[in-house]
Amino acid sequence: MLDSKLRFILQRCVVFGQAKQVHGQLVVNRFNHLESVLVHQTLLLTKEFSRNVVNYVRRILKGVNGLDSFSWGCLVRFLSQHRKFEETVGVYIEMHSSGVPPSSHAITSVLRACGKIENMIDGGNSIHAQVLKSGFCGCVYVQTGLVGLYSRLGYIEMAQKAFNDIAEKNTVSWNSLLHGYLESGNLDEARRVFDELPEKDVVSWNLIISSYAKKGDMGNAVSLFLVMPLKSPASWNILIGGYVNCREMKLARTYFDTMPQKNSVSWTTMISGYTKSGDVQSAEELFKQMSKKDKLVYDAMITCYAQNGKPKDALKLFSQMLESNSDVQPDEITLSSVVAANSQLGDTSFGTWVESYITEHGIKIDDLLRTSLIDLYMKGGDFAKAFKLFNDLYKKDTVSYSAMIMGCGRNGMATEANHLFIEMIKKKIPPNLVTFTGLLSAYSHSGLVQEGYKCFKSMKDYNLEPSVDHYGIMVDMLGRAGRLEEAYELIKSMPMQPNAGVWGALLLASGLHNNVEFGEIACSHCVELETDPNGYLSHLANIYTSVGRWDDAKNVRDAMGEKKLFKTLACSWIESSV
DNA sequence: ATAGGGTTAG
């Protein structure tokens, strides 16, 4: 009787944020057995993740005498719900080694966490073994947790086996299996499971629809969407996401505008869609309309600016994010975009700021953030720092190698670039177009034409088709070396239309070697391709001057600013060059 | 159990 009254009072107190005072009273009055209620209530009422709450609960758990399976389970579940998966596993292990038997909540939560961590199959297996010993092997929730674990880690046969063992399967069990087939890419089998599913709920529908949407099969996605009996906001968001992936922003917008209950996922999806299609203005409009902005929306908008050549706007928004006293705090994802923005501005000093910010706020530096820092330091010429960060990478990949090689390329460090390239090939890390941009510019800056040529030719060995930019670098390299004829031949052999950059490289080289013939050809193309031709024309005029053709130089200078005149000039040059 | 944010070139 007393207990139930106390329980009630306790709950009210926690609601009013007085957990700590109540806890003191409990200890003084030796009502320690009620501490688990306190833990439970505290965690239940904590909607946002809070480090303080976790520390507080852990302190209580450490102080509790005797086994409190329930409280530990609450904490494990809390961590898992807030996506702190490594910590979930850590606390579970701590609980286990304290001799506390796991509750079913603890098991399902830790299984979920294992499924979200890469290479956690061993951990998952040992928990599976514990389940078999624990007496929870007949519990649907735990068994379903096992299906989910194997599904997420990609062991679909194991998932199917765990599923078969469930005596009374519920919809969640079915959905977990469905998820497994979708993850393994077996859409046909997934569809079979879906069709067999006795009581489809909104998640079953969302799962199958999202797999069609991910594949870009919007026809199937929409027709299922239309017939599903009850739509959740997620259903709408899945469709919007599907259209975003197909770059069908108009259609995405139609669904976004018609959906009855937009949530912040809907807004973020739209903003990142506009980011990818370069429509900063539409993204900005949506962002401004949003009333309650969460961290992910801020991230999306900062990235939008950073990826669309507006690094200053990215930084402005970032400082707004820091100033707002709400609960949006930057993390490693925010910072990777912010660092990228600073790289564009060439502000290396920012690196120092970020690094101290990271230490102060306990943000973990992951490989993506590290890669953006590498780029920042390489651009700023702080090679020692960049190489240190590079060596600290947990897993070096195409992007991080390319960032290094690009940095070497910019700074004419051909030996280092080549060394890095050989290393990545040895490690079977596939190079991409960016890698070769870096490599070629390294050779170009060092005047290593032979090596550059070989490198350019080798692109096809990696199934890479050189882009306009690669041709541009090659033309620049050959041209600087005085091999203008070859450069011109290369341009003529291009499978795509040369752009102003390519012709500009030839023009520049013609200037370096006072070559009128190629200078005229190159200039005429540049003039055709660009709206403002004066820079090119002045280059050409200089070439004429350098060979003593004063009249021609004067003609060209007169033509500057007069569209008609240079058009006629351009025509005559093109004719004469054919 | 389903839906949203990140790094390398131009």
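# A tour from the DNA to the rings and charges

Start by selecting DNA strand B and the protein around this strand: of the 47 residues there, those that come nearest are Asn 206, Asp 294, Lys 295, Asp 299 and Asp 366. Keep in mind throughout that this is a predicted model.

**Stop 1: the surface near the DNA**

Colour the residues near DNA strand B by class. You should find 16 nonpolar, 18 polar and 13 charged residues. Now turn to the strand. Of the atoms of DNA strand B within 4 Å of the protein, 44% are part of sugar or phosphate, and the rest are part of bases.

Next, select single side chains. Which part of DNA strand B lies 3.0 Å from a polar side-chain atom of Asn 175? The partner is a base nitrogen. Move to Thr 268, where an N or O atom of the side chain is 3.3 Å from a base nitrogen of DNA strand B. Lys 379 offers another kind of partner to look at: an N or O atom in the Lys 379 side chain is 3.1 Å from a phosphate oxygen of DNA strand B.

**Stop 2: Lys 379 and its helix**

Stay on Lys 379 and add Asp 375. The two side chains form a salt bridge, with 2.8 Å from N to O. Both residues are in helix H23 (residues 367-380), and because they are four residues apart, about one helical turn separates them. Are the two partners buried or exposed? Asp 375 has 17% relative accessibility and counts as buried, while Lys 379, at 36%, counts as partly exposed. Lys 379 therefore appears twice on this tour, in the contact with a phosphate oxygen and in the salt bridge with Asp 375, and its relative accessibility of 36% is why it counts as partly exposed.

**Stop 3: other salt bridges**

How many salt bridges does the count come to? The total is 18.

Go to helix H20 (residues 311-323) and select Asp 313 and Lys 316, which are three residues apart, about one turn of the helix. Their side chains meet in a salt bridge of 4.0 Å, N to O. Asp 313 is partly exposed at 25% relative accessibility, and Lys 316 is exposed at 51%.

Then select Lys 388 and Asp 392. These residues form a salt bridge whose closest N and O atoms are 2.7 Å apart. Lys 388 counts as exposed, with 52% relative accessibility; Asp 392 counts as partly exposed, with 37%.

A network comes next. Show Glu 189, Arg 192 and Glu 196 together: salt bridges link these residues.

**Stop 4: aromatic rings**

Switch the display to Phe, Tyr and Trp side chains. Searching the whole structure gives 18 aromatic pairs. One of them is Phe 421 with Tyr 462, an edge-to-face pair with 6.0 Å from centre to centre and 80° between the planes. Phe 421 belongs to helix H26 (residues 414-426), and Tyr 462 to the loop between helix H28 (449-458) and helix H29 (468-480), so the pair ties together parts that are 41 residues apart in sequence. Phe 421 is buried, at 9% relative accessible area, whereas Tyr 462 is partly exposed, at 29%.

Now select Tyr 488 and Phe 518. Why is this pair called tilted? The ring planes meet at 55°, with the centres 5.4 Å apart, so the pair falls in the tilted group; planes have to be under 30 degrees apart to count as stacked and over 60 to count as edge-to-face. Tyr 488 is in helix H30 (residues 484-492) and Phe 518 in helix H32 (residues 516-529), which makes this a link between distant parts of the chain, 30 residues apart. Both rings belong to buried residues: Tyr 488 has a relative accessible area of 11%, and Phe 518 has 3%.

For a group of rings, select Phe 225, Trp 236, Tyr 243 and Tyr 255, which ring pairs join into a cluster. Keep Phe 225 in view and add Lys 231, whose charged end sits over the Phe 225 ring, 5.0 Å from its centre. A similar arrangement can be shown with Lys 169 and Phe 163: the charged end of Lys 169 sits over the ring, 5.2 Å from the centre.

**Last stop: helix H13**

Finish with Leu 207, found in helix H13 (residues 202-215). Leu 207 is buried, with 16% relative accessible area. Add Ser 176 and draw a line between the C-alpha atoms: the two residues are 9.7 Å apart in space and 31 residues apart in sequence.

Note on methods: Residues are numbered from 1 along each chain as its sequence is written. Chains are lettered from A and ligands numbered from 1 in the order in which they are written. This is a predicted model: local features need pLDDT of at least 70, side-chain atom pairs count only at pLDDT 80 or more; totals for chains, interfaces and linings use all residues. Side-chain values use heavy atoms; hydrogens and water are left out. Rings of Phe, Tyr and Trp (its six-membered ring) pair if their centres lie within 6.5 Å; planes under 30 degrees apart count as stacked, over 60 as edge-to-face and the rest as tilted. Helices (H or I, at least four residues) and strands (E, at least two) are DSSP runs, numbered from the N terminus. Buried means under 20% relative accessible area, exposed over 50%, partly exposed in between (1.4 Å probe, protein chains only). A charge sits over a ring if NZ of Lys or CZ of Arg is within 6 Å of the ring centre and within 35 degrees of the ring normal. A residue is near a molecule or strand if one of its heavy atoms lies within 4 Å of it. A polar contact is a pair of N or O atoms within 3.5 Å; within protein, one must be able to donate a hydrogen and the other to accept it, and residues adjacent in sequence count only if both atoms are side-chain atoms. Ala, Val, Leu, Ile, Met, Phe, Trp, Tyr, Cys and Pro count as nonpolar, Asp, Glu, Lys and Arg as charged, and the others, Gly among them, as polar.
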